[in-house]
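Trainee: I've got this model open and I'd like to zoom in on one part instead of skimming the whole thing. Could you pick a helix and walk me through how it sits in the rest of the fold?

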Amino acid sequence: MSTLLLDAEALYADLRQGVQRLLATRPQGGIALVGIWSGGAWLVERLAADLALDAHGVISSSLHRDDFGSKGMSASSDHTRLPFEVNGRHIVLVDDVLYTGRTVRAVINELFDFGRPASVQLAVLVDRGGRELPIEPVFSAARVNLAPAQRLRLAKDEGGRFSFDVKGA
């Protein structure tokens, strides 16, 4: 059995540089970072501070999930907060772990409930493969292979430092 060791802080530094390059290709003032609840929201909070960006928000996939009927609505506080105009804005979606693509699909549906962005790009900390939908990031800090039963989850300590938890066989 092998052990997966990922340095989440080093990967965050790579993500920050990748997002900074994406932002440089867009007009100033017309860009917003949007973190996918919950790991992506943590990442965007820190990216916005590190990159001095005012336009950032959080988006939830809860209302547009294709498994909504079987899982139901979450009782947690994972609601969408987009405190800027979405219409005509270049959006960079940020998530911690990309797997099947279903969460990203649901988030894009939620995003369009708020308006029609000029463009949407996806940046992720880790791409674990296993896509079920034709969704690919324009930037990923790492690509890893995990068994389908394994789960990779971003964690944040009280000081705001990131780490990963790997669960499953």
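Mentor: Sure, let's take helix α4, and keep in mind that we're looking at a predicted model.

Start with the geometry. Helix α4 covers residues 102–113, which makes 12 residues. At 1.5 Å a residue that should give a span of 16 Å, and the end C-alpha atoms are 17 Å apart, so the two agree. Just after α4, Gly-115 takes a positive phi of about 150 degrees.

Now, which residues of α4 are buried? They are Val-104, Ala-106, Val-107, Glu-110 and Leu-111. Viewed down the axis of α4, these buried residues fall within an arc of 160 degrees, so they line one face of the helix. The background is simple: an α-helix has 3.6 residues a turn, so residues three or four places apart point the same way.

What covers that face? The cover for the buried residues of α4 includes four strands: β1 (31–36), β2 (56–59), β3 (90–98) and β4 (119–127).

Click on Ala-106, which is found in α4. Ala-106 has a relative accessible area of 0%, so it counts as buried. Its C-alpha is 5.1 Å from that of Ser-61, although Ala-106 and Ser-61 are 45 residues apart in sequence.

Next, go to Arg-102, in helix α4. The side chains of Arg-102 and Glu-132 meet in a salt bridge, 2.5 Å from N to O. Glu-132 lies in the loop between β4 and β5 (139–143), so this pair ties together parts that are 30 residues apart in sequence. How accessible are the two partners? Arg-102 is partly exposed, with a relative accessible area of 29%, and Glu-132 also counts as partly exposed, at 47%.

That pair belongs to a set: the structure holds 8 salt bridges. While you're around β4, look at Asp-127, which forms a salt bridge with Arg-143, the closest N and O atoms being 3.7 Å apart. Asp-127 is in strand β4 and Arg-143 in strand β5, so the pair ties together parts that are 16 residues apart in sequence. The two ends of this bridge make a nice contrast: Asp-127 is buried, with a relative accessible area of 4%, whereas Arg-143 counts as exposed at 60%. Arg-131 pairs with Glu-136 in another salt bridge, with 3.4 Å between the closest N and O atoms. Salt bridges that share partners join Asp-127, Arg-131, Glu-136 and Arg-143 into one network.

For comparison, have a look at helix α1, residues 8–24. Helix α1 has 17 residues and reaches 24 Å from its first C-alpha to its last, close to the 24 Å expected at 1.5 Å a residue. The buried residues of α1 are Ala-8, Glu-9, Leu-11, Tyr-12, Leu-15, Gly-18, Val-19, Leu-22 and Leu-23. They cover an arc of only 170 degrees around the axis, which puts them on the same side of α1. Over on the other side of α1, Arg-21 and Ala-24 are exposed. At the N-terminal end, Asp-7 caps α1, with a side-chain oxygen 3.1 Å from the backbone nitrogen of Glu-9.

So, back to α4 for the take-home picture: its buried residues line one face, strands β1, β2, β3 and β4 are included in what covers them, and Arg-102 pairs with Glu-132 in a salt bridge.

Methods
Residues are numbered from 1 along each chain as its sequence is written. This is a predicted model: local features need pLDDT of at least 70, side-chain atom pairs count only at pLDDT 80 or more; totals for chains, interfaces and linings use all residues. Side-chain values use heavy atoms; hydrogens and water are left out. Helices (H or I, at least four residues) and strands (E, at least two) are DSSP runs, numbered from the N terminus. The expected span of a helix is 1.5 Å times one less than its number of residues. Buried means under 20% relative accessible area, exposed over 50%, partly exposed in between (1.4 Å probe, protein chains only). The arc is that of the directions from the helix axis to the C-beta atoms. Contact means heavy atoms within 4.5 Å. A salt bridge is a side-chain nitrogen of Lys or Arg within 4 Å of a carboxyl oxygen of Asp or Glu. A polar contact is a pair of N or O atoms within 3.5 Å; within protein, one must be able to donate a hydrogen and the other to accept it, and residues adjacent in sequence count only if both atoms are side-chain atoms.
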